[in-house]
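Work through the exercises below with the structure open. Try each task before reading its solution.

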Amino acid sequence: MNFHSSDGEHFLGVRTNRRGETEVVYDNAGRRRVIFRLEGQPPANDALERALRQSVESDNVLGALRASLVAQNIDFDLAD
């Protein structure tokens, strides 16, 4: 599952790392990359999709992503 902003500057995608953990990757046209590691049970796809879809079109994608994950009760931490 992945989403691009309409201006093509922002990307949010979901992946599974080598340890089997679910991660959300944010990339700002190659200028900045932030990885959120989701904790606990993997969230329902519809909750995660809603969080990413709402966030990617926001003026502040990272802030909106954090707020959306919290609103959907999805626990996360920043990956190392």
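**Exercise 1. Place S5 in this predicted model and list its contacts beyond four places in sequence.**

Solution. Start with the contacts. Leaving out residues up to four places away, S5 touches H10, V56 and E57. Now take one of these partners, E57. It is 52 residues from S5 along the chain, yet the two C-alpha atoms are separated by 5.4 Å. Next, the secondary structure. S5 sits in the loop between strand 1 (2-4) and strand 2 (10-16). Last, the exposure. The relative accessible area of S5 is 6%. The cut-off for buried is under 20%. S5 is therefore buried.

**Exercise 2. Decide whether S68 is buried or exposed, and find what it touches.**

Solution. Locate the residue: S68 belongs to helix 2 (residues 61-71). Read its relative accessible area: 10%. Buried means under 20%, so S68 counts as buried. Then collect its contacts, skipping residues up to four places away in sequence. They are A51, Q54 and S55.

**Exercise 3. Describe the largest nonpolar core and identify the residues with the most contacts inside it.**

Solution. Count first: the core has 17 residues. L12, V24 and L48 have the most contacts inside it. Then trace the suppliers. Strand 3 (22-28), strand 4 (33-38), helix 1 (45-56) and helix 2 each give at least two residues. Helix 1 provides the largest share, with 5 residues. Now zoom in on V24. Beyond its neighbours within four places, V24 contacts L12, G13, V14, V34, I35, F36, L38, L48, L52 and L65. A general point fits here: nonpolar side chains in soluble globular proteins tend to be buried together.

**Exercise 4. Write down the order of helices and strands, then test the chain against the rule for a compact globule.**

Solution. The inventory is 2 helices and 5 strands. Along the sequence they run β-β-β-β-α-α-β. For the test, take the 80 residues: a compact globule would have a radius of gyration near 12 Å. The chain has 12 Å, so the two agree. For the extents, the C-alpha atoms fill a box of roughly 35 × 25 × 20 Å along the principal axes. Burial comes next: 40% of the 80 residues count as buried. Finally, check the contacts with a separation of 6 or more. Residues 24 or more positions apart account for 44% of them.

**Exercise 5. Summarise the surface and the charges of the chain.**

Solution. The accessible surface is about 5000 Å². Carbon and sulfur atoms hold 42% of that area. For the charges, count 10 positive and 13 negative. Their mean positions lie 4 Å apart.

Definitions and conventions
Residues are numbered from 1 along each chain as its sequence is written. This is a predicted model: local features need pLDDT of at least 70, side-chain atom pairs count only at pLDDT 80 or more; totals for chains, interfaces and linings use all residues. Side-chain values use heavy atoms; hydrogens and water are left out. Helices (H or I, at least four residues) and strands (E, at least two) are DSSP runs, numbered from the N terminus. Buried means under 20% relative accessible area, exposed over 50%, partly exposed in between (1.4 Å probe, protein chains only). Contact means heavy atoms within 4.5 Å. The radius of gyration is taken over C-alpha atoms; the globule rule is 2.2 Å times the number of residues to the power 0.38. Accessible areas come from the Shrake-Rupley method with a 1.4 Å probe; for residues, only the protein chains shown count as cover. Lys and Arg count as positive and Asp and Glu as negative; His and the chain ends are not counted. The place of a charge is taken as NZ of Lys, CZ of Arg, CG of Asp or CD of Glu. A nonpolar core is a set of buried Ala, Val, Leu, Ile, Met, Phe, Trp, Tyr and Cys residues joined through side-chain atoms within 4.5 Å.
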